[in-house]
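User: I would like to go through the reasoning behind some labels given to this structure. Please set each value against its cut-off.

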Amino acid sequence: MSITQVSSNACFGGLHKQYSHHSSATNCQMRFAIYLPPQASKGQKIPVLYWLSGLTCTDENFMQKAGALRVAAELGIAIVAPDTSPRGDDVADVDAYDLGKGAGFYLNATQMPWAKHYRMYDYVVNELPQLIEKNFPVSSRKAISGHSMGGHGALTIALKNPAAYDSVSAFSPICKPSNCPWGQKAFSLYLGDEQHTWQEYDASYLLSQHDTHSFTRPIMVDQGTDDTFLTEQLHPQALTDAASKSGVNLSLRMQEGYDHSYYFIASFIEEHVRFHANHLFN
């Protein structure tokens, strides 16, 4: 469980740091970023917001582009951003932006050669929080959020672990990966051809299996109306239909004129961080 510091930068009275470590879940070196607000140096155990990024991203995109660190410093919330996939010369990969390195889809692959390293679900749910809670002044209170592929990851992880997170939110999530080109491509190779196994990582299916008694956490989703991936890849209506069926508290906000970029995330990230703070501190 040892970690090695890669970088450290002062930011809004706190520290943004990068670390690397060997992961037993992914069987390779992994890197993550953590923002520790100024409250972390004052003996306080602070809650954590885990952020899962989208296709082609690393731990750096959100921390550098989203503009979340100022409000995290104000509220006293740590932010942890893992990488989006395993990395390394012996890690399976293909020449495609939507599969392989940078495209782990936050699942546990069952098919070779992917199964050797692509166990991002275990990494995010179990190994990384244990590592964070052992090495930093944080509490066990946590929330989860993400964008696109990471929004898919945040939703499925929260729905599969309803007691673990105080709240969940997403920007432009892949809401029904079993029924879109990105998800079908990744799931068929990572999980195999038996499509019933895909449902374990399909947010719309998982949400339809819950009800107001089994999933009591609030869900907030922002989706831009000018997102070029909206119709073919994202399917937010499937998520709202599942929430209506189950009675789970889901707020889907369609944001007029916004696209899939970090300009969209930066425009609404403060509202998301404050949304999580309302639940992390109550």
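User: Why is D166 called buried or exposed, whichever applies?

Analyst: In this predicted model, D166 has a relative accessibility of 17%. Buried means under 20%, so D166 counts as buried.

User: What makes D166 and R141 a salt bridge?

Analyst: The side chains of D166 and R141 meet at 2.9 Å, N to O. The cut-off is within 4 Å, so the pair qualifies as a salt bridge. D166 sits in the loop between α4 (149-160) and β7 (168-171), and R141 in strand β6 (residues 138-146); the two are 25 residues apart, and the pair links distant parts of the chain.

User: Which class does R141 fall into, and why?

Analyst: Its relative accessibility is 28%. Partly exposed covers the range between 20% and 50%, so R141 counts as partly exposed.

User: How do you know that E200 and K160 form a salt bridge, and what does the pair tie together?

Analyst: Their side chains meet at 3.2 Å, N to O, and the limit is within 4 Å. E200 lies in the loop between α5 (181-190) and α6 (203-209) and K160 in helix α4, so the pair ties together parts that are 40 residues apart in sequence. E200, at 40% relative accessibility, counts as partly exposed, and K160, at 24%, is also partly exposed.

User: Why are R253 and D222 put in their accessibility classes?

Analyst: R253 has a relative accessible area of 21%, so R253 is partly exposed, the limit for buried being under 20%. D222 is at 0%, so D222 counts as buried. R253 and D222 form a salt bridge, with the closest N and O atoms 2.7 Å apart. R253 belongs to strand β9 (residues 250-255) and D222 to strand β8 (residues 219-224), 31 residues apart.

User: What makes R70, E74, E270 and R274 one network?

Analyst: They are joined by salt bridges that share partners. The whole structure holds 12 salt bridges.

User: Why is T26 called buried or exposed, and what does T26 touch?

Analyst: T26 has a relative accessible area of 0%, so T26 is buried. T26 is in the loop between β2 (14-23) and β3 (28-36). Leaving aside residues up to four places away in sequence, T26 touches P86, K116, H117, R119, M120 and Y123.

User: Which residues line the largest pocket, and of what classes are they?

Analyst: The lining has 13 residues; G54, L55, T56, H147 and H260 lie nearest the centre of the pocket. By class, six are nonpolar, six polar and one charged. The space in the largest pocket is about 210 Å³.

Notes. Residues numbered from 1 in each chain as written. Predicted model: local features only at pLDDT ≥ 70, side-chain atom pairs only at ≥ 80, totals over all residues. Heavy atoms only, no water. Helix = DSSP H or I, 4+ residues; strand = E, 2+ residues; numbered from the N terminus. Buried < 20%, exposed > 50% of the residue type's maximum accessible area, 1.4 Å probe, protein only. Contact = heavy atoms within 4.5 Å. 1 Å grid on protein atoms, 1.4 Å probe; cavity = no way out; pocket = protein on both sides within 12 Å on 5 of 7 lines; lining within 4 Å. Points joined across faces, edges and corners; volume = space filled by probe spheres on them. Nonpolar A, V, L, I, M, F, W, Y, C, P; charged D, E, K, R; others polar.
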